[in-house]
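Biologist: I've got the sequence and the model open and would like to talk it through with you. Can we take one question at a time?

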Number of protein chains: 2
Amino acid sequence: MALSKLNFLNLNQLTTKSNFFANRYYYLPNSRNVKCFSTALVPGEPSGPSVSSSIPGPKSREMIANLDKIQFASAIWYFTDYKKSLGNYIVDVDGNSLLDVFSQISSLPLGYNHPDLHKVIQDPDNQIAFVNRPALGIFPAEGWPEKLTSSLLSIAPKGHTQVNTFACGSCSNENAFKATFMWYRNKQRGGAPITDEENSSCLINRQPGSTPFTIMSFKGSFHGQTLGCLTTTHSRSIFKLDFPALDWPIASFPRYKYPLEEFAEENKAEDRKCLAEVEEEFERFNKSGRFVAGVVIEPVQAEGGDVHASPEFFQELQRITKKNGAALIIDEVQTGGGATGKYWCHEHFNLPDPADFVTFSKKMLTGGFYSLPEFRPQQGLKIFNTWMGDPSKVLLLEKVVEVVKRDNLLNLAQESGKRLMDGLKDLSKRYPQHIKNNVRGIGTFCAFDLSSPQKRDETFVKLQHHGVQSGPCGEQTLRLRPSLVFQPHHADIFLDILETVLNDIQTV
Amino acid sequence: MALSKLNFLNLNQLTTKSNFFANRYYYLPNSRNVKCFSTALVPGEPSGPSVSSSIPGPKSREMIANLDKIQFASAIWYFTDYKKSLGNYIVDVDGNSLLDVFSQISSLPLGYNHPDLHKVIQDPDNQIAFVNRPALGIFPAEGWPEKLTSSLLSIAPKGHTQVNTFACGSCSNENAFKATFMWYRNKQRGGAPITDEENSSCLINRQPGSTPFTIMSFKGSFHGQTLGCLTTTHSRSIFKLDFPALDWPIASFPRYKYPLEEFAEENKAEDRKCLAEVEEEFERFNKSGRFVAGVVIEPVQAEGGDVHASPEFFQELQRITKKNGAALIIDEVQTGGGATGKYWCHEHFNLPDPADFVTFSKKMLTGGFYSLPEFRPQQGLKIFNTWMGDPSKVLLLEKVVEVVKRDNLLNLAQESGKRLMDGLKDLSKRYPQHIKNNVRGIGTFCAFDLSSPQKRDETFVKLQHHGVQSGPCGEQTLRLRPSLVFQPHHADIFLDILETVLNDIQTV
């Protein structure tokens, strides 16, 4: 859609530019005026968005053109002024200030320029970690076990005492797969020693040293874009086209009918159908000797369109996986870190046992995984790379965990999430021609579908031009991935602008 | 080997502990006393190593035990006091100070706590980048193209104008492979549009959307440990055992006889044999429809034992690769960054054309690759992940590049490397029972073989206990990977201690 065709609302009617600070009055033209006057958790945050140019604006366009001389840059949305961005507001280089409910693809835990994070960098003792990045697998720093304990382990999923760090989500999943393969092969060996043939054959990618093992994944999933992860990713063809992939098992992820309460029986049948596929794939692959060592799954298929499944589905999946001697790898790269109102989304599912692996990245600032003790490697260098994560990121995470606790941000995610969900459900009733009745979410991890892919794109762009940065996913979904400092009054601002946009969309 | 069996030299005879500063006199018991009194580039650096406990010492052992409660930690060498480590000296938590010629698996460009890098962190403007890590593929910061230009592009291999950043070496290689596959498929398509069948089949890992393409690699290589990279890694079975691998072509890497000048004809024949294998693998795979889209190679096989090949081998490899319509991916993750006396080791080879891809990480502080313009993706999101590198690392790299230029560190690498090579060759002549006559190196990127794997291990441990941190690789090799602030007088200290150790090793 050409940006020039958009009919902009003059955003000056929404914000008082001279009052560019929190706790000031902010006029909402729609229905939620009474709720929006709460104190911003990040001092100095704007009272509302402010947009005065097209997005991307002229400065962004010029910078995109400059960057494009160096690398493919056509996918850039706009250049950002990170100095001016604050809290929930992202400010672009053209001076537009947007309420950011996408937060860098869900990767900012405390919004922009949180003062407590600045303090971490300013502490001279901490600067040592930023200047001297270690090869963590060989030369960790004094105090490293304590840092892991005060950060990652202090918020570990129930039952987890073991954690490894990596640089990003893909590395975390790749290494979880590898740890799974080792564990499975060791079970198969039953204590027998590794043979010379295994050692020599693996060097040239042959069996028996290289294994024919597989990881099961689900249609619609996203687990990263390295070749191993990509084999388990199935959300969109753009990620996969032209790349080689391994022939690993794929089962269907439930696709529910909404409203859930009206279709309880149908949705239970959908669970059963998908779980039957899981059983079939186990049987088919295990029978052929291409053993399924693990099953990887997102608690909510985020990139694939924010597709939710029931706790019962996950409980039963765990039972089937265990029955087949495989590991359950829960990929919390996007769902983890607190937005669902718990640190780990799968903790909403009341699984009978802890997950075998929980992988993370994004809001955790470092990649990594929790795993049960039985998945510890038996040898060094196998779950390994030069850096093995980055202690400077863990220093920042330690402060994030402290702030989340101090400011009660998990409860806030539930509270702001309820405001969002109530508002979205209300809008879907009042604008059924635009918003489908499958509004869904846990905490602030919410999403809604528009009436078509085209209307989703239009809504996305118009939201931007009215001062809201949201994120598309799936075919026709908009996802909300605000940071943990997203408060109910931010939800009100978002909902109000969304309603303005809905009024502005033509019904075809 | 049990540490207690080692016969330690009393290191007090090597260092004057009270004179723990640079530019002080330092007594070398062996032959190189006259050369070692130069000014340290990093002010305050110790005048020599100082070891007073076993390594790992009692404090390290306790910390390893603590870490082992949280994660597999048996592969840790020792815990490090990064506050006390300085320049070329790594200080462990037991107070031992070692001359570090391994520099965190070759990943520290300027040694420990370089004052100029501390200044980068202390600058409030820079702190913005450390606190607000962007999703670079969508929301880059103002000034990002300029930062790329002043850092990575200012030192680009000749003929390269395009650069992409990633988090680590594995990600860089994985993405270079992917960009290669896209480019190859687009050539195959010859402008034909992408079909619905391609889009739907790739979602379930099937052809034609998923391609049967391959990347050729070499025996003895190391390109990373994610599943795609691991398929092209063949250095040691420990990295590969138990993991699935793709069936991709593998050719032999030359294994020369030394001294090179004596075996010129034999080594040329070795080149021809290996290149013939490359041709055969191209033919075999291309004929079977499993097209070889790219060839990945290290300029020096580092992890595999510092195996060197001739410029002529690389020149001819480029010609064959081009003739077969494939891309040449030069993996400079370990060789890049200046230790060879040039930023890019392959620039020593006088290739007729620029390499198609040059991948990097480690001393560059950020992962990434340079690539020729024809390898630019045609669509967004394909060479993509959430973070796409980390601007805070590029800020540090920018300063590194400035310091390398200011302090003339590429020349220094040549100068210190010559001192190292001369000394090692001399030692290999005087201690032929211990050091094989295949001492090899470019700049400070040097290595030597001991008489057996056991003697290598013994030398490694005794070097540590005499105050030198080296790195093992291959079967019986020690590699030197000092940082760029390694000066001739550090080479003298290293050579002197090595000689002490050689005198202490029993000939079996």
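Modeller: Sure, one term before we start: helices (H or I, at least four residues) and strands (E, at least two) are DSSP runs, numbered from the N terminus. The model is predicted: local features need pLDDT of at least 70, side-chain atom pairs count only at pLDDT 80 or more, and totals for chains, interfaces and linings use all residues. Residues are numbered from 1 along each chain as its sequence is written, chains are lettered from A and ligands numbered from 1 in the order in which they are written, and side-chain values use heavy atoms, with hydrogens and water left out.

Biologist: How are the two copies, chain A and chain B, related?
Modeller: Lay chain A on chain B (least squares on the C-alpha atoms of residues with pLDDT of at least 70 in both) and you get an RMSD of 0.0 Å, with a turn of 180° and a shift of 0.0 Å along the axis. The two copies are therefore related as by a two-fold rotation axis.

Biologist: What percentage of the contact residues of chain A recur in chain B?
Modeller: Counting contact as heavy atoms within 4.5 Å, 119 residues of chain A touch 119 residues of chain B. The same surface serves both copies, and the share of chain A's contact residues that recur in chain B is 100%.

Biologist: Which three residues supply 7% of the area that chain A buries against chain B?
Modeller: Buried area is the accessible area (1.4 Å probe) that two parts lose on being put together, summed over both. For chain A and chain B that comes to about 10900 Å², with 62% of it on carbon and sulfur atoms. Supplying more of chain A's part than any other three residues are I70(A), F139(A) and D242(A).

Biologist: Which helix gives the largest share of chain A's side of the interface?
Modeller: The rule (Lys or Arg side-chain nitrogen within 4 Å of an Asp or Glu carboxyl oxygen) finds eight salt bridges across the interface. One of them pairs R189(B) with D242(A) at 2.6 Å, N to O. With seven residues on chain A's side, the largest share comes from residues 169–189, helix α6 of chain A.

Biologist: Which residue caps the N-terminal end of α4(A)?
Modeller: Helix α4 (residues 124–131) of chain A is mostly covered, with six of its eight residues buried (under 20% relative accessible area; exposed is over 50%, partly exposed in between; 1.4 Å probe, protein chains only). Those buried residues pack against α3 and α12 of chain A, and also against α3, α4 and α12 of chain B. At the N-terminal end, a side-chain oxygen sits 2.9 Å from the backbone nitrogen of D125(A), and the capping residue is D123(A).

Biologist: Is K418(A) buried or exposed?
Modeller: K418(A) forms a salt bridge with D422(A), the closest N and O atoms being 2.7 Å apart. The two are four residues apart in helix α13 (residues 409–430) of chain A, which means a separation of about one helical turn. D422(A) is partly exposed at 41% relative accessible area. At 52%, K418(A) counts as exposed.

Biologist: And E458(A) and K462(A), are they buried or exposed?
Modeller: Their side chains meet in a salt bridge at 2.9 Å, N to O. E458(A) and K462(A) are also four residues apart, about one turn, this time in helix α14 (residues 453–465) of chain A. Both E458(A) and K462(A) are buried.

Biologist: Last one: how many salt bridges does the structure hold over all chains?
Modeller: In chain B, D407(B) and R406(B) form one at 2.9 Å, N to O. In chain A, shared partners join D116(A), K119(A), R406(A) and D407(A) into one network. Over all chains, the number of salt bridges is 64.

Notes
Polar contact = N/O pair within 3.5 Å; in protein donor to acceptor, adjacent residues only side chain to side chain.
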